[in-house]
Amino acid sequence: MANVIIETSARHLHLSRKDLDTLFGTGYQLTPKKDLSQPGQFACNEKVKVEGSKGSLNMSILGPERSASQVEVSFTDARALGIQVPVRESGDIEGSPSVKLVGPAGEVTIPCGVIAA
């Protein structure tokens with residue numbers, strides 16, 4: 001009998017270096033909380049508020065940094081935020097909705113990047 005690994009992916013976001021600097025301060029380093037099954041990826045202690053037209057959600061950050069910031073939500077989360085999201089592979093964000101991110105040192109509106117992965 002073979003073992004099968006089953007995992008869930010709750011709401012989370014990935015940040016670019018530029019957006020991480022804006023949200024947490026220049027040169028800030030994310031602090032790993034837990035390694036993920038994907039080699040080299042980790043959940044972070046830090047969280048960011050994601051604000052849509054109808055509401056906001058506090059979301060965990062996954063590291064390491066990416067070339068572009070991206071928010072992954074469920075359809076229920078998207079409804080709570082007031083946005084319609086496409087179903088996409090992680091990283092395929094072109095043409096997806098915009099959203100505002102709020103951190104302890106600042107805020108940024110990403111021009112695209114919200115998907116249901």
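A residue is called buried here when its relative accessible area is under 20%. By that yardstick, 37% of the 117 residues in the protein chain of this predicted model are buried.

Overall, the chain comes to 2 helices and 8 strands, and from the N terminus these elements run β-α-β-β-β-β-α-β-β-β. The radius of gyration is 14 Å, which agrees with the value near 13 Å that a compact globule of 117 residues would have. Along the principal axes, the C-alpha atoms fill a box of roughly 50 × 35 × 20 Å. Of the contacts with a separation of 6 or more, 53% link residues 24 or more positions apart. The accessible surface adds up to about 7,000 Å², with 51% of that belonging to carbon and sulfur atoms.

Helix α1 spans residues 17-24, and its buried residues are D19, L20, L23 and F24. Looking down the axis of α1, these residues fall within an arc of 105 degrees, so they line one face of the helix. What they pack against is a set of strands: β3 (42-51), β4 (56-63), β6 (99-102) and β7 (107-110). Just after α1 comes G25, which takes a positive phi of about 110 degrees.

As for H12, this residue sits in strand β1 (residues 12-14). H12 has a relative accessibility of 5%, so it counts as buried. The side chains of H12 and H14 are joined by a polar contact of 3.3 Å. Leaving aside residues up to four places away in sequence, H12 touches M59, S60 and L62, along with Q70, V71 and E72.

Notes:
Residues numbered from 1 in each chain as written. Predicted model: local features only at pLDDT ≥ 70, side-chain atom pairs only at ≥ 80, totals over all residues. Heavy atoms only, no water. Buried < 20%, exposed > 50% of the residue type's maximum accessible area, 1.4 Å probe, protein only. Helix = DSSP H or I, 4+ residues; strand = E, 2+ residues; numbered from the N terminus. Arc of directions from axis to C-beta. Contact = heavy atoms within 4.5 Å. Polar contact = N/O pair within 3.5 Å; in protein donor to acceptor, adjacent residues only side chain to side chain. Rg over C-alpha atoms; globule rule 2.2 N^0.38 Å. Areas by Shrake-Rupley, 256 points an atom, 1.4 Å probe, with all protein chains shown as cover.
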